[in-house]
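Please find below a short note on selected backbone and burial features. Kindly read each point with the structure open.

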Amino acid sequence: MPFLCRSGAGPLTAALCVVALALAGCNSKSGGIVVTGDVQFDGQPLQNGLIHFEPMGGAGASAARRIDGGKYEFDANSNMKPGKYKVAIRATQPDSGLDADAAMNRGPQPPFVDPIPKKYSDKTELTVEVTEAGPNKFDFDLKSK
């Protein structure tokens with residue numbers, strides 16, 4: 001790209017160079033590793049949930065993201081570092097599951113019971129290794145039984 005960004009280039013070329021350099025700079029300055037994946041539960045995308053990466057061995061920072069429509073992503077700003085992680089996944093109550101009238105009047109709400117077995121959440125058996133080289137796409141196919 002340097003051959004395009006030399007002085008004397010047209011205004012459109014100069015604008016494209018500025019955008020390209022800004023985008024390249026965004027990736028290199030964030031310092032985090034992008035981690036993505038899909039989460040299925042009993043063969044269906046987990047519509048609403050949380051995924052939590054906890055560094056194994058106690059070093060480093062943990063991170064959590066929402067699962068929406070069976071997909072999650074830790075972007076470069078999440079500060080994810082290379083290493084081994086325990087992964088915990090929980091379902092969350094969909095927004096549409098609330099009784100709007102009861103919520104407005106502070107009435108009783110239907111209790112939410114997380115259908116995800118404890119072996120994937122509180123007592124997780126899931127582990128991954130995030131690497132500098134990647135790809136860091138981790139898919140999880142959870143089963144209720």
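The numbered points below concern a predicted model and take up a few residues in turn.

1. The background for the backbone points is brief. Most residues other than glycine have a negative phi, and trans is the form of most peptide bonds. The following three points present departures from these patterns.

2. Asp42 is not a glycine, yet its phi is positive, at about 50°. This residue sits in the loop that runs between strand S1 (35-41) and strand S2 (44-45). Its relative accessible area is 39%. Because this value falls between the limits of 20% and 50%, Asp42 is classed as partly exposed.

3. Asn79 likewise is not a glycine and has a positive phi, of about 65°. The loop between strand S5 (71-74) and strand S6 (83-91) holds this residue. With a relative accessibility of 43%, Asn79 is also partly exposed.

4. The peptide bond that leads from Gly134 to Pro135 is cis, and its omega is near -5°. Pro135 belongs to the loop between S7 and strand S8 (140-142).

5. Is Ser121 buried or exposed? Ser121 is buried, because its relative accessible area is 5%, and the limit for buried is under 20%. The residue is placed in the loop between helix H2 (100-104) and strand S7 (126-130).

6. Which residues does Ser121 touch, apart from those up to four places away in sequence? The contacts of Ser121 are Ala88, Ile89, Arg90 and Ile116.

Methods: Residues numbered from 1 in each chain as written. Predicted model: local features only at pLDDT ≥ 70, side-chain atom pairs only at ≥ 80, totals over all residues. Heavy atoms only, no water. Helix = DSSP H or I, 4+ residues; strand = E, 2+ residues; numbered from the N terminus. Buried < 20%, exposed > 50% of the residue type's maximum accessible area, 1.4 Å probe, protein only. Contact = heavy atoms within 4.5 Å.
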